[in-house]
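Here is a quick tour of one model, working from side-chain contacts to salt bridges to pockets. Have the viewer open while you read.

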Amino acid sequence: VQLVESGGGLVQAGGSLRLSCVFSGTVFSIDAMGWYRQAPGKQRELVGRIASGSDTNYGDFVKGRFIISRDVAKNTVYLQMNGLKPEDSGVYYCKAEVTFEYRSSPYSFWGQGTQVTVSS
């Protein structure tokens, strides 16, 4: 299983970025994919998660600014981030929750991360 993120970079406060994460590998099912972030000295936290049934949930700090979506045919999940703030800076990681057999326990895989820096 491999997750490859892209789309990070430097943006001014109030700007937008779109992150992409491409999943590759052979699994029985992808139960969910999501984005998490980690700022220096802080714990990794949920940004947004989308389940196989398209249910989504977000971190409390998102407050309608970000949208997570996916393209099943392309095995890709996106995170559209609008209204970025300096406190949104950090490394953004993609996570996939997958199973390898019918009714088996899920495994989690992480990408390498992509840096997002928001300047004030």
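## Starting at M81

Keep in mind that this is a predicted model. Pick M81 and show its contacts: leaving out residues up to four places away in sequence, M81 touches G15, S16, L17, L19, R65, F66, Y92 and V116.

## The nonpolar core

M81 also turns up in the largest nonpolar core, which has 23 residues. Along with M33, W35, V77, L79 and Y92, M81 is in the group that touches the most other members. Plenty of strands chip in here: β3 (17–24), β4, β5 (45–51), β7, β8, β9 (90–99) and β11 (114–119) each give this core at least two residues. As background, nonpolar side chains in soluble globular proteins tend to be buried together.

## Salt bridges around R37

Now for the charges. Searching the whole structure turns up four salt bridges, and R37, E45, R65 and D88 are linked in a network of them.

Take R37 with E45: their closest N and O atoms sit 2.8 Å apart. R37 counts as buried because its relative accessibility is 7%, under the 20% cut-off. E45, at 33%, falls between 20% and 50%, so it counts as partly exposed.

R37 also forms a salt bridge with D88, again with 2.8 Å between the closest N and O atoms. This pair links distant parts of the chain, since R37 is in strand β4 and D88 is in the loop between β8 and β9, 51 residues apart. D88 has a relative accessible area of just 1%, so it is buried.

## R49 and E97

Another salt bridge joins the side chains of R49 and E97, at 2.9 Å from N to O. R49 belongs to strand β5 and E97 to strand β9, so the pair ties together parts 48 residues apart in sequence. Buried or exposed? E97 counts as buried at 13% relative accessibility, while R49 counts as partly exposed at 24%.

## The largest pocket

Last stop: the largest pocket, with a volume of about 150 Å³. Its lining is made up of I30, A32, M33, I50, S52, R70, D71, V72, N75, T76 and V77. By class, that comes to six nonpolar, three polar and two charged residues.

Which strand supplies the largest share of the lining? That would be β4, with three residues. At least two lining residues each come from β4 (29–38), β7 (66–71) and β8 (76–81). There is some overlap with the core, too: M33 and V77 line this pocket, and both are among the core residues that touch the most other members.

Key:
Residues numbered from 1 in each chain as written. Predicted model: local features only at pLDDT ≥ 70, side-chain atom pairs only at ≥ 80, totals over all residues. Heavy atoms only, no water. 1 Å grid on protein atoms, 1.4 Å probe; cavity = no way out; pocket = protein on both sides within 12 Å on 5 of 7 lines; lining within 4 Å. Points joined across faces, edges and corners; volume = space filled by probe spheres on them. Helix = DSSP H or I, 4+ residues; strand = E, 2+ residues; numbered from the N terminus. Nonpolar A, V, L, I, M, F, W, Y, C, P; charged D, E, K, R; others polar. Core = buried A, V, L, I, M, F, W, Y, C linked by side-chain atoms within 4.5 Å. Buried < 20%, exposed > 50% of the residue type's maximum accessible area, 1.4 Å probe, protein only. Contact = heavy atoms within 4.5 Å.
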